[in-house]
Amino acid sequence: MPAVARPRASDVRQYTSWDRARLSVVVPIGVIVAVAIVCNVVAVLSSAQRADVVAVDHEKQLFSRALTNYGERVLREVESVASSDGAIQNIRRSFDADWAKQRVGTWLETYFDHDYIFIFDRNDDLIYSIVGHRPADMKWLANARPGLISVIDYLRGRDPNLRGAIRLDKTAMADGTAHQQTAVIRRLMDRPAVVAAVVVGPGDGTPESLDGVPPVIMSVKFIDDSTLSSIAAQLRLTNLRKIEQDPPPNGDLAYDLTGSDGSTIARFAWTPRQPGAEIVHNVVPFIAVAFIGFALLAAFVLRYMRRTAATIAAGESRLRHLAMHDPLCGLPNRIFFGERLEEVIEEVRNGSAPAAVFYIDLDHFKDVNDTLGHHVGDELIRNVTLRLSHTLRGGDLVARLGGDEFAVISSVAGDSEQMMWLAQRVIAAICAPYAINAQNIIIGASIGIAMIDDKCETAADIMRYADMALYRAKNEGRNRACIYDAAMDADLSSRKLLEADLRAAIENDQLQLLYQPVVNKSGETVVGVEALCRWTHPTRGEIPPSEFIAIAEHSGLIINLGNWVLRRACTDGKAWPEVTVAVNVSSLQFRRIDFVEVVQRILKETRFDPVHLELELTESVLLGNVDTAEEAMLRLKALGVRLALDDFGTGYSSLLYLRRFPFDKLKIDRSFVRSIEKAADAAAIVHAIVSLGRGLGMKVTAEGVETADQQLFLRAAGVHSLQGFRFGRPVTVAEITARLRSPGNFRPVEALAS
Ligand code: C2E
Ligand code: MG
Ligand code: MG
């Protein structure tokens with residue numbers, strides 16, 4: 001089936017709805033999951049970091065505590081010697097150098113591994129020293145003495161500030177008070193050391209302890225590698241060592257031991273335990289599992305949503321297809337056509353080759369539908385679709401606009417000859433007979449063509465042009481095509497003006513009704529009159545009914561016009577009780593649901609005898625809902641009104657109509673009467689119609705009788721009455737009245753002329 005070659009918007013919509021879903025759901029979910037994961041990671045990392053900080057603080061405290069313990073132990077060791085009775089006896093009371101060497105120096109050096117041991121007398125003079133298993137020499141002492149003396153000064157209560165040292169005993173004493181003992185950590189001989197000093201005496205407040213200035217035993221124990229390794233083993237510190245001022249290597253912790261004046265006594269370093277890393281190490285697998293879980297969940301949700309979006313998109317595109325296509329024949333519908341037309345107009349404006357719209361209207365499709373049923377009508381539409389598809393080119397778009405209307409957007413738009421050639425092909429294809437349900441069906445087609453060029457306006461304009469061209473094609477006799485030209489616009493505007501004038505004429509009672517006599521077969525007696533409407537336009541003069549009746553039907557004015565004619569004819573007809581008054585009824589008028597009531601009301605208002613009224617219907621009146629038409633006719637007949645089938649032979653001339661509908665009269669169209677003398681078949685047809693009418697019990701009237709020969713022929717054929725210029729043209733009420741009053745005066749035109 002030809003269709004627009006470009007991808008449709010519906011194809012793109014699949015992605016659009018997925019994108020929408022992704023934006024509205026997937027992105028927020030993704031963001032939430034990402035934020036959750038980042039929060040988790042940050043929480044783990046910060047608690048790991050915090051754990052590291054706490055661990056470092058703890059290690060520092062432990063280390064500091066270990067140093068204090070170390071110093072206190074040294075102090076206790078010195079105290080154990082200084083408070084012994086032996087020491088009181090051999091150092092305090094009288095100094096025994098041998099005893100001091102044996103029981104203080106060697107003792108502390110050997111058993112407790114102290115490095116230096118000194119004994120100061122009551123005058124703070126050094127009376128005993130041992131430095132590296134030997135007494136200290138003068139030079140050494142000169143270097144070390146200030147550090148040692150500051151401890152003595154503190155002990156004696158002379159200097160409460162132990163500059164450059166850390167006091168380990170926490171006993172608070174008033175300044176200036178002598179102390180029994182003290183232990184400090186300070187830098188000595190460029191090395192950190194514990195210096196413990198204890199006065200020799202019982203140290204428990206006994207008189208001995210208060211007796212004069214006591215000598216002092218002082219011991220120095222350096223904080224060396226062995227000390228550090230025992231602390232490290234005890235505290236499980238890795239790589240504990242003394243460092244100089246350089247910063248420790250990456251990751252190692254530096255610990256400064258600072259004296260009371262802020263000077264650095266020593267700097268230690270070790271590799272801190274890092275529980276944070278352990279935490280991270282322990283937690284990482286769980287985070288990874290959670291992360292993978294989230295990722296899987298997100299992937300699952302994404303996949304689910306993508307599938308759902310695809311399903312929705314497919315549904316959308318199916319709905320869109322349904323909304324854009326005709327369910328009966330599958331062709332694009334009016335909406336699709338409109339959209340594509342807009343696009344084509346845009347493309348042509350942007351430089352593409354011109355295109356053309358072919359507006360196709362099927363002739364007689366409605367009859368098929370009404371007479372043979374909708375299933376045949378539907379099948380016919382499908383057949384027409386197939387033929388159109390085969391006739392048109394692949395790139396052309398063919399759409400069904402509704403009912404029996406199709407439209408094509410074709411690239412065949414070069415010149416009018418080409419467009420007409422294509423239109424003729426389409427008409428030929430559609431007009432070829434169809435065989436559906438064992439029925440032979442022939443329909444016609446009229447086509448209006450409008451060009452789409454770079455100057456064209458909107459889609460609505462193009463369709464209006466095509467419609468005007470179609471209207472012209474139908475007016476010119478159907479089964480043909482017309483190309484829109486600007487003159488049609490003028491035509492249309494003049495029709496619009498005429499329509500306005502006609503409306504005013506109806507409202508202002510400016511129409512006129514003439515009556516044409518209908519005579520018996522001898523032509524001598526007027527048996528009826530036919531009311532024929534006339535309109536004299538104030539500027540354009542006489543407008544033929546063929547023109548203004550068509551305008552009235554097109555604009556809906558026919559209802560008012562028809563009512564006016566009926567009322568006037570009934571009013572006038574009361575003056576002629578001996579004849580029948582025939583009034584033409586348009587199919588639009590007849591199909592109105594209240595038509596019978598309107599007739600009834602007018603008859604009542606005018607008090608016209610219904611038996612003298614004859615309504616002339618054409619075959620088109622009977623198309624559409626056959627049952628409703630029949631019912632209306634029966635109701636009219638019940639009123640007493642008679643019914644005539646006008647212009648018989650020009651329409652479908654279906655025997656079905658004649659048999660089914662209760663017509664009283666059949667009027668042979670004047671086109672047959674005109675041809676009687678020239679064409680033998682016309683004469684034969686007239687014969688057939690007359691016998692058909694008579695056979696069905698109808699009266700037969702021949703229209704358009706102009707000559708004596710025609711009259712003779714028709715009389716011989718058996719018509720009941722005659723109408724035509726030969727017996728009188730349509731004339732005014734007064735003229736009819738005059739003629740009816742003097743029947744003897746009437747002679748046919750020909751007779752008058754001879
Ligand atoms: P129609 O109902 O078939 O009316 C007969 C037409 O044939 C009239 O044309 C009449 O003037 C014309 N005619 C009668 N005898 C002859 C003749 O010997 N030779 C020729 N050449 N023509 C003859 P008119 O008045 O122009 O009306 C044309 C059609 O307009 C009518 O055809 C009718 O269908 C329609 N019409 C006229 N008045 C009305 C009306 O009031 N209501 C409706 N609905 N239609 C009307
Ligand atoms: Mg008529
Ligand atoms: Mg007629």
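Leaving aside its neighbours within four places in sequence, with which residues is Met468 in contact? Select Met468 together with Tyr484, Met488, Asp489 and Leu492: these four are its contacts beyond that sequence window, where contact means heavy atoms within 4.5 Å.

This is a predicted model, in which local features need pLDDT of at least 70 and side-chain atom pairs count only at pLDDT 80 or more, while totals for chains, interfaces and linings use all residues. Residues are numbered from 1 along each chain as its sequence is written, chains are lettered from A and ligands numbered from 1 in the order in which they are written, and side-chain values use heavy atoms, with hydrogens and water left out.

**Stop 1: around Met468**

Keep Met468 selected and display helix H12 (residues 459–475), in which Met468 lies. Helices (H or I, at least four residues) and strands (E, at least two) are DSSP runs, numbered from the N terminus. Met468 has a relative accessibility of 7% and counts as buried; buried means under 20% relative accessible area, exposed over 50%, and partly exposed in between (1.4 Å probe, protein chains only). Add Gly448 next: its C-alpha is 7.1 Å from that of Met468, with the two positions 20 residues apart in sequence numbering.

**Stop 2: the two magnesium ions**

Select ligand 2, a magnesium ion coordinated by Glu530 (OE), Asn584 (OD1), Glu616 (OE) and Asp646 (OD) at 2.0 to 2.2 Å. Donors are N, O and S atoms within 2.8 Å of the metal (3.2 Å for Na, K and Ca); water is not among the atoms, so sites may look incomplete. Along the chain, the donors of the magnesium ion (ligand 2) follow the spacing E-x53-N-x31-E-x29-D. Two of them link distant parts of the chain: Asn584 belongs to strand S20 (residues 580–584) and Asp646 to strand S22 (residues 642–648), 62 residues apart. Asn584 is partly exposed at 29% relative accessible area, whereas Asp646 is buried at 5%.

Now add ligand 3. Asp646 bridges this magnesium ion and the magnesium ion (ligand 2), and the two ions lie 3.8 Å apart. The magnesium ion (ligand 3) is coordinated by Asp646 (OD), Asp647 (OD) and, through two entries, Glu703 (OE), at 2.1 to 2.4 Å. The spacing of its donor residues in sequence is D-D-x55-E. Here Asp646 in strand S22 is paired with Glu703, which sits in the loop between strand S24 (699–702) and helix H22 (708–717), 57 residues away. Glu703 is buried, with a relative accessible area of 11%.

**Stop 3: aromatic rings**

The structure holds 15 aromatic pairs. Rings of Phe, Tyr and Trp (its six-membered ring) pair if their centres lie within 6.5 Å; planes under 30 degrees apart count as stacked, over 60 as edge-to-face and the rest as tilted. Select Phe118 and Phe120, a tilted pair with 6.3 Å between centres and 45 degrees between planes. Phe118 is buried at 0% relative accessible area, and Phe120 is buried at 2%. Move on to Trp535 and Phe548, whose ring centres are 6.0 Å apart and whose planes meet at 85 degrees, so the pair is edge-to-face. Trp535 lies in strand S18 (residues 526–537) and Phe548 in helix H14 (residues 545–555), 13 residues apart.

Return to Phe118 and Phe120 and add Tyr116, Trp140 and Phe222: ring pairs link these five residues into a cluster. Arg191 lies over the face of Phe222, 4.0 Å from the ring centre. A charge sits over a ring if NZ of Lys or CZ of Arg is within 6 Å of the ring centre and within 35 degrees of the ring normal. Elsewhere, Arg729 places its charged end over the ring of Phe725, at 3.9 Å from the centre.

**Stop 4: the nonpolar cores**

A nonpolar core is a set of buried Ala, Val, Leu, Ile, Met, Phe, Trp, Tyr and Cys residues joined through side-chain atoms within 4.5 Å. Select Leu502, Leu561, Phe590 and Leu615, which touch the most other members of the largest core, a set of 76 residues. Helix H15 (residues 558–573) gives the most to this core, with 8 residues. Centre the view on Leu502: beyond four places in sequence, its contacts include Leu511, Trp535, Phe548 and Leu561. Another core, of 42 residues, lies apart from it and has Phe63, Ala183, Ala232 and Ala266 among its members.
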